[in-house]
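Me: Please take a close look at the enclosed cavities in this structure. I want their volumes and the residues around them.

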Amino acid sequence: MTSIERTAYPRFKRFLSARELHVFYTPQTEEIAWASGQVRSDNRLLALMVQLKCFNRMGYFPRLDDVPEAVVARIRRDLGLGEDVAAVYDSDRTRGHHRMLIRRRSEVVSDMPAARAVAAAAIREAAGRKNDPADLINVALEKLVEGSFELPGYTTLDEMAAMIREEVNSATFALVVERIGPAGVAGLDRMLVTAGGPGAKSDYNRLKRTAPRPSWTDYRLQIDHLRWVDSLGDARAWLEGIAPSKIADFAGEGEAGDAAVLGDYGAAKRIAILAAMVYAAQQRARDDTAEMFCRRVATLTKRARVELEELKKKQQKVTEALIVNYRQVLEHLDPLGPVAAQQAAALEMARKTVEAAGGFPEELARIDAVRATHGDNHVPLVGRHFGKDRSSMLAMVGVLDLEATSADRSVLQLLDYMREHTMLTRDHIPGRIPVFDEHGRPVTDPETGAQRVHVFDTSFASENWNKAIRDRNRPGMFVRRHLEACVLTYLAEELRTGDVAVTGAQAYANWADQLLTPDEVAEMLPGFCAEVGIPATAAGFRADLHERLDAQCRTTDGAYPDLADFTIDDAGRPSLKQFRAAPPTPSAQALALAVRDRMPERTLMGILAWTGHWLEWWRRFSPVSGSDPKLKDPFVRYILTTFTYGTNLGPAQAARHIAGVTAHELATTSARHVTIGKLNKAIADVVDAFTELDLIKAWGDGSVVAADGTQVDTFIDNLLAETSIRYGGAGGIAYHYVSDTYIALFSKFIPVGVWEAVHIIQGLLDQQSRVRPDTIHADTQGQALPVYALAHLCGFELMPRVRNWKDLNFYRVSAATRFRHIEALFGEPGRNVIDWDLIERHYDDLMRVVLSVAAGKISSVTLLRRLSTYSRRNNFYKAFRKVGRVIRTIQLLRYLSDPQLRRRTTAATNKVESYNNFSAWCRFGNEGRVRDNDPAEQEKHIKFSTLLTDAVIFHTTLDMMSVLRQLAAEGWEISPEDLTVLSPYQTMRINRFGVYATDEITVTPEQYDAHLPDIDLTVREPVS
């Protein structure tokens, strides 16, 4: 049976907050009047009202014995009844009559056969896409609520979901087995067999392999791995027609277990899960191979740049010597010099000067060497660095099926041509080739009769590359070594931009194929645009942006004379005074000190246990198969597992300090019961409870979120880890989305080398709490033109703190636009003008992409990674860039002209930076280093840390509120402005170390108080 706590089925929580009692269980005046007219006794009045309020809240009639006393007491008090009045019935007939009255009043459909039919249809449809029984029950609940049905009992829905899921999955398993065939089935079964001596691994474990770092050796091994997973069979054909989400669930279940666990499954289920694992492994291998290729190209190109700088330093002395020699030559040839009359003698002396310096050939060679390193042209040096990787890179091209995502195939055509000459050792290959038809006969020009010749298009390459790949002494010929380096370099770039895709991959697939169809877009567009507040037509969208930009430009220009912090000098150089926050008032400092000194002692283990009792976030965890946990005490095990990974101690260290649990039990629980999705839901449970605490009203309203990353050390043998110049060390970035109320809404682990802005939108779309921020603050890493555009189109306001704002272009509405005070910001007159026609022309493209992101068809990270790099072919890039110019100009002007906005932006970014430090303090184990090379496990580590940190923030805020109530009772005058200086990032009273006793885990705490009834929480924004 699926635990009811894992579903959305309405139930009474273990602890009901005062807000819930007030909002959901307070009888209204007209309800009291209606109920009073139906009954003659106080007991029946109370019973009828309890049933009415519970039915309105839950959609079904709970047993009166199951209704919490807090609910009954609240309703009894509001009805003005005595304590001796009980909500009981003396007959089933009366209870049934009351339920009939409530159904009529509530206008629900009380037809259980019809409700079960609706639920069954919804579950059967969803079972083709979802595998978790809890998700299937939730889908049924949505349909029942949509149809205004009285809800069937939970057991009914649970049994129905289990039965239909079994039917659908069995049919799916049988179909997969039939497609694979007997020989393929036998091959997959052999993957579970371990051959060899002790320590040997089965091919099943090999399927789980994650990519190592992109070294030369590992790159070759990755290509071998790709060939191996492809040799297992055509998994795409096996699973054709099965929903990707369903395949992912099956693959996740297989990867969470081991060979022994899969061996216990039924034959058909085992084969289907192995097939899903092969499918996932083939996708992952392609993505990893493409990623490693791009990383290798970037590494080799970087080496060429480094070599160029080293050569420049070496050539500096040569340059100085050449200048000295040239000066001597000029002195001898100077017509005004003492030997000018003797021309022959002057030439002879100049010649001797050159010979003394090493001779004409030597001097010319030195001049050529200096010219080669002059400027920033590293291109001629790239080819030699590709030599060692050449065979591996060309082998990669052979195992990956590359496709152009536009009509321009120039890079791929040259790649094919280059591969045809792989085995040749000659230095030059022709730049044009004769054209033959499909029968091998020459194709001739009908007018001239001459054979047609195909000239390869190299317009995709830069001027420097076009010079390098051609030899002036060999017209019409390519320099093979430079051509190979050029094509491979641009292939990596086009893989990053999405102009070239990898068939059968996921991250590197043709992302345009993942977009909604035009018909789907047309259906969704009006509702989406109304929700986010943008026009639903191309002309309206253009006009709206035009009006916004024009209005903000003129507002800033008009306000400029009154701006004290923002100035433009006579030379047109803008400057903005740095904002400095005012120090806390003496009363605020005294309050913060009093709160700190009275905070009770806590432990991280105790905090997790108490928040677990109150919020039941641990209920989100369960076996990957979807069944309920069969652990002896799931609560204790999940608390210990969260503590183990949230503190980053790891199972081995945690087991040494915690009695009664082994490292294997902790590791297995994390692997088989906890997924990234379940951690996201658990984090959301804590966040939702946090939003009901009164104190946070002094800190913010949840409408603002700040995003920022902090470097986390990892092992280096994985594809995510890189050395960071910005952060230092090797590892990845823990990217956090922190609300203006201090709590983290979401977290993600991202590579160091990725511009952080590409992740900023997806986190807000993926976070599952009830908090819905509309403003995003970030630092300079959080902004890019396509990100500004996507944020606006998704209904978010991106307002980063941009360090280099002076270096950015501000854009005009039209070439004729002029401003009295801020004209210098926009560059030369007539320059930096928005192309409104392009924006209107590509409106449909923009909305197709945005709606696809909103519908979950494509990740905004995938999209922005493709749009963050210049693409000459991608119309999506051009459109997003133009819209981004409009929005960025508006936001920069607002930032420069609004001191309070700058104050809020600084405060928000300071909070996320403080959160990063506090989170690192909670994640103290192993010096903060994530000791796992699997990217999925690395992300789980970060989310475990976020769950622990948010639980500490929640519990600390409760403790602070308790202290504030004490102070208020003692007569302290507490102003809302003083409360703003308080922070839940408290560490002095929290014990992280020592022997971790599990006694406090089993202690059930009293209900917490979320309110501060005697304290004013209305904060007034300071006036500039």
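Reply: What follows covers the two cavities, one after the other, and then two loop residues.

This is a predicted model: local features need pLDDT of at least 70, side-chain atom pairs count only at pLDDT 80 or more, and totals for chains, interfaces and linings use all residues. Residues are numbered from 1 along each chain as its sequence is written, and side-chain values use heavy atoms, with hydrogens and water left out.

A search of the whole structure gives 2 cavities of 30 Å³ or more. A cavity here is a set of points, on a 1 Å grid over the protein atoms alone, where a 1.4 Å probe fits but cannot get out; lining residues have an atom within 4 Å of a point. Grid points are joined across faces, edges and corners, and a volume is the space filled by probe spheres set on the points.

Start with the largest cavity. It holds about 50 Å³ of space. Met 599, Pro 600, Arg 602 and Ile 607 are among its lining residues. So are His 955, Thr 956, Asp 959, Gln 986, Arg 989 and Ile 990. Helix α37 (residues 935–969) gives the most to this lining, with 3 residues. Helices (H or I, at least four residues) and strands (E, at least two) are DSSP runs, numbered from the N terminus. By type, the lining divides into 4 nonpolar, 3 polar and 3 charged residues. Nonpolar covers Ala, Val, Leu, Ile, Met, Phe, Trp, Tyr, Cys and Pro; charged covers Asp, Glu, Lys and Arg; the others, Gly among them, count as polar.

Now the second largest cavity. Its volume is about 30 Å³. The lining includes Ala 706, Ala 707 and Asp 708. His 777, Ala 778, Asp 779, Thr 909 and Val 912 line it as well. β10 (704–713) and α36 (899–922) each supply at least two of the lining residues. The largest share, 3 residues, comes from β10. This lining divides into 4 nonpolar, 2 polar and 2 charged residues.

Two loop residues remain. Glu 107 lies in the loop between α5 (92–106) and α6 (112–126). Glu 107 is not a glycine, yet has a positive phi of about 55°. Glu 616 sits in the loop between α25 (604–615) and α26 (634–646). Glu 616 also has a positive phi of about 55° without being a glycine. Glu 107 is exposed, at 68% relative accessible area. Glu 616 is buried, at 9%. Buried means under 20% relative accessible area, exposed over 50%, partly exposed in between (1.4 Å probe, protein chains only).

Note on methods
On a 1 Å grid over the protein atoms alone, a cavity is a set of points where a 1.4 Å probe fits but cannot get out, and a pocket is an open set with protein on both sides within 12 Å along at least five of seven lines; lining residues have an atom within 4 Å of a point.
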